[in-house]
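Me: Can you walk me through the metal sites in this one? Short answers are fine.

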Amino acid sequence: MQTCSRCNAQAQDYESECPRCHASLAEFSATAVALRRLQTNARVANVRVVAEANACPACQQVAGTYAKDQAPHLPVPGCSCPNGCCCFYEPMLTEIYP
Ligand SMILES: [Zn+2]
Ligand SMILES: [Zn+2]
């Protein structure tokens, strides 16, 4: 499932725009917005894609740590999880020394 960050409508993983407000989900899905926020945060060096333990093979394969500007788009293409792709981004913070 994808969630539209503009109107909170839910969309299927294969949909490219929000069924309610027609925002582009490549840009405005909750995960896309979350990733953009991490990318603009100077304290975030890398982004981890976290998949559930019982996620499908496609999701398991995408799970891992990426340079933040190389993080893959979510939902994972080809995901076959029964409830849709549940992967999410987790920030890996850089240590900031005073
Ligand atoms: Zn929407
Ligand atoms: Zn999956």
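**Metal sites**

Reply: Sure. In this predicted model, the zinc ion (ligand 2) is held at 2.2 to 2.4 Å by the SG atoms of Cys56, Cys59, Cys79 and Cys81.

Me: What geometry does the site of the zinc ion (ligand 2) have?

Reply: Tetrahedral, with angles of 105 to 119° among the four donor atoms.

Me: And how are the donor residues of that zinc ion (ligand 2) spaced in sequence?

Reply: The pattern is C-x2-C-x19-C-x1-C.

Me: Is cysteine 81 buried or exposed?

Reply: Cysteine 81 is buried, because its relative accessible area is 13% and the cut-off for buried is under 20%. Cysteine 79 comes out at 21%, so it counts as partly exposed.

Me: OK, switching over. Which residues coordinate the zinc ion (ligand 1)?

Reply: Cys4, Cys7, Cys18 and Cys21, each through SG, at 2.2 to 2.3 Å. Along the chain, those donors of the zinc ion (ligand 1) follow C-x2-C-x10-C-x2-C.

Me: Why is the arrangement around the zinc ion (ligand 1) called tetrahedral?

Reply: Because its four donor atoms subtend angles of 102 to 114°, and four donors count as tetrahedral if all angles lie between 85 and 135 degrees. For reference, the ideal angle for four tetrahedral donors is 109.5 degrees.

Me: What about cysteine 18, buried or exposed?

Reply: Buried, with a relative accessible area of 1%.

Me: And what's the relative accessible area of cysteine 21?

Reply: For cysteine 21 the value is 31%, so that residue is partly exposed.

Technical notes
Residues numbered from 1 in each chain as written. Chains lettered and ligands numbered in written order. Predicted model: local features only at pLDDT ≥ 70, side-chain atom pairs only at ≥ 80, totals over all residues. Heavy atoms only, no water. Donors = N, O, S within 2.8 Å, 3.2 Å for Na, K, Ca; no water. Tetrahedral: all angles 85-135°; square planar, octahedral: opposite > 155°, others 65-115°. Buried < 20%, exposed > 50% of the residue type's maximum accessible area, 1.4 Å probe, protein only.
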